[in-house]
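Welcome! Please take a moment to look over the sequence and the 3D picture before reading on.

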Amino acid sequence: MMLVEKNVPLQSFNTFGIVAKALSLVRVHSEADIAQVLADPALRGTPVFVLGGGSNIVLTGDVRPLVLKVEIMGKHLLRETDKAWIVEAGAGENWHDLVAWTIENGYPGLENLALIPGTVGASPVQNIGAYGVELQDRFESLDAVDLTTGQTFTLDAAQCAFGYRDSVFKHQSIGTAAGKPGFGLEGKALITRVRFALPKNWKPVLGYADIEKKIAQYGREPASIQPTALQIYEWICEIRRAKLPNPEVIGNAGSFFKNPTVSAEQCADIIQREPKIVHYKLADGSVKLAAGWLIDACGWKGKHIGNAGVYERQALVLVNRGGKSNPVTGGEVMTLAKSIQTSVYERFGIRLEHEPVVV
Ligand SMILES: Cc1cc2nc3c(=O)[nH]c(=O)nc-3n(C[C@H](O)[C@H](O)[C@H](O)COP(=O)(O)OP(=O)(O)OC[C@H]3O[C@@H](n4cnc5c(N)ncnc54)[C@H](O)[C@@H]3O)c2cc1C
């Protein structure tokens, strides 16, 4: 029997800890629950918002669309091929718990993505990534339900159109994906299950300065050490705990802005003015700039507007300075975000794009 909960407080369902209500909320445990929502004469056709762990959203008021809170559970080894273990997980599973489970069971490959908050079902939406690995590197396929027709469908990696913090789930059909007119599923699909291909011929992904520092603690050259997946998992957990605020303690939504990409010419021009700018060359010749560095260079680290603050240790993270008792509002977060975007644009001519979904 489907239960429609009314006026549900969302403060504990979003990692910023913003106070807002869902006027109506249904917990989705299976495809059958979605079918019931779509068949219900009172709910059919109403706008919906799909909620996972609330770790990549900014709530700017009460949520009027029907909130479908994804709680589809289960994780298991589905099958194995010569090259990979195929692990399947329900969309409501906690992402980090899945990573830990795969490592414990000897299926390596997700270790660099340890401790990212949120659910399995949201992981393809922005193609989560950290420390040199993106979801798309380990993705096999997903199942989803079309929220207008109720039909289930399966997408492979190509159909998900993954990009940097991007996928088909972040675009509307009539809009454009990476500048190309195309097919989009934003707000139209609920991902129910995700399958991962975890490589039998596993190799550690090291390359990142923070990981190399951990290796150096062992007094070895990075090239001479072959850490296990478990070792990397533990390093990543240590690095992230030292660097990022724990949302249980200081509300936040992780990196607030995407790292912008500029052409090699634009970058050369900026380097002339700002020789210390942190940048990474990409395979296609373009250059990715560290958004945190740009924000810090504009003097924002530790500053605040109302209860919305820029984290003292990492300028890319916006935080709730008011805690649970006097929490930041979505309006304050977005005012701070806009002020940062304006300063970065005025100083560097670069438009920062925010990463979380504004609801
Ligand atoms: C401290 C911290 C650190 C972080 N570090 C990283 C990082 O290193 N790398 C990174 O990529 N991200 C990072 N994030 C962002 C966040 O963890 C990810 O984006 C995560 O995948 C969001 O999952 P969620 O379940 O909380 O999604 P939510 O915030 O609930 O939703 C995000 C979006 O996905 C949609 N969605 C959610 N579930 C589904 C579903 N089942 N089907 C369809 N659509 C769905 C929602 O409608 C919404 O549009 C961090 C966040 C925090 C708070």
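Below is a short tour of one strand, the ligand and one helix.

## About the model

This is a predicted model, in which local features need pLDDT of at least 70 and side-chain atom pairs count only at pLDDT 80 or more, while totals for chains, interfaces and linings use all residues. Residues are numbered from 1 along each chain as its sequence is written, and side-chain values use heavy atoms, with hydrogens and water left out.

## Strand 5 and its partners

Let's begin with strand 5, residues 66-70. Strands here are DSSP runs of E with at least two residues, helices are runs of H or I with at least four, and both are numbered from the N terminus. Five of the five residues of strand 5 are buried, so the rest of the structure largely encloses this strand. Buried means under 20% relative accessible area, exposed means over 50%, and partly exposed is in between (1.4 Å probe, protein chains only). Leu 66, Leu 68 and Val 70 are buried on one side of the strand, and Val 67 and Lys 69 on the other.

Which strands pair with strand 5 in the parallel sense? Strand 2 (residues 21-28) does so over four bridges, and strand 3 (residues 48-51) also pairs with strand 5 over four bridges. Two strands count as paired if DSSP finds at least two bridges between them. Val 26 has Leu 68 as its bridge partner in strand 5, while Val 48 stands opposite Leu 66.

## Around the ligand

Next comes the ligand, with 34 residues around it; Val 50, Gly 53, Ser 55, Thr 119 and Gln 126 come nearest. A residue is near a molecule if one of its heavy atoms lies within 4 Å of it. Strand 3, strand 8 (129-130), strand 14 (189-199) and strand 15 (252-255) each supply at least two residues of this shell.

Now for some atom pairs. An oxygen atom of the ligand lies 2.7 Å from a backbone N or O atom of Gly 53. A nitrogen atom of the ligand is 2.8 Å from an N or O atom in the side chain of Arg 240. The protein covers 94% of the 980 Å² of accessible area that the ligand has on its own (Shrake-Rupley method, 1.4 Å probe).

## Helix 8

Finally, meet helix 8, residues 330-348. Its 19 residues should span 27 Å at 1.5 Å a residue (1.5 Å times one less than the number of residues). The end C-alpha atoms are 27 Å apart, which agrees. Buried residues in helix 8 include Val 333, Ala 337, Ile 340 and Val 344. After the helix comes Gly 349, whose phi is positive, near 70 degrees.

Definitions and conventions
Polar contact = N/O pair within 3.5 Å; in protein donor to acceptor, adjacent residues only side chain to side chain.
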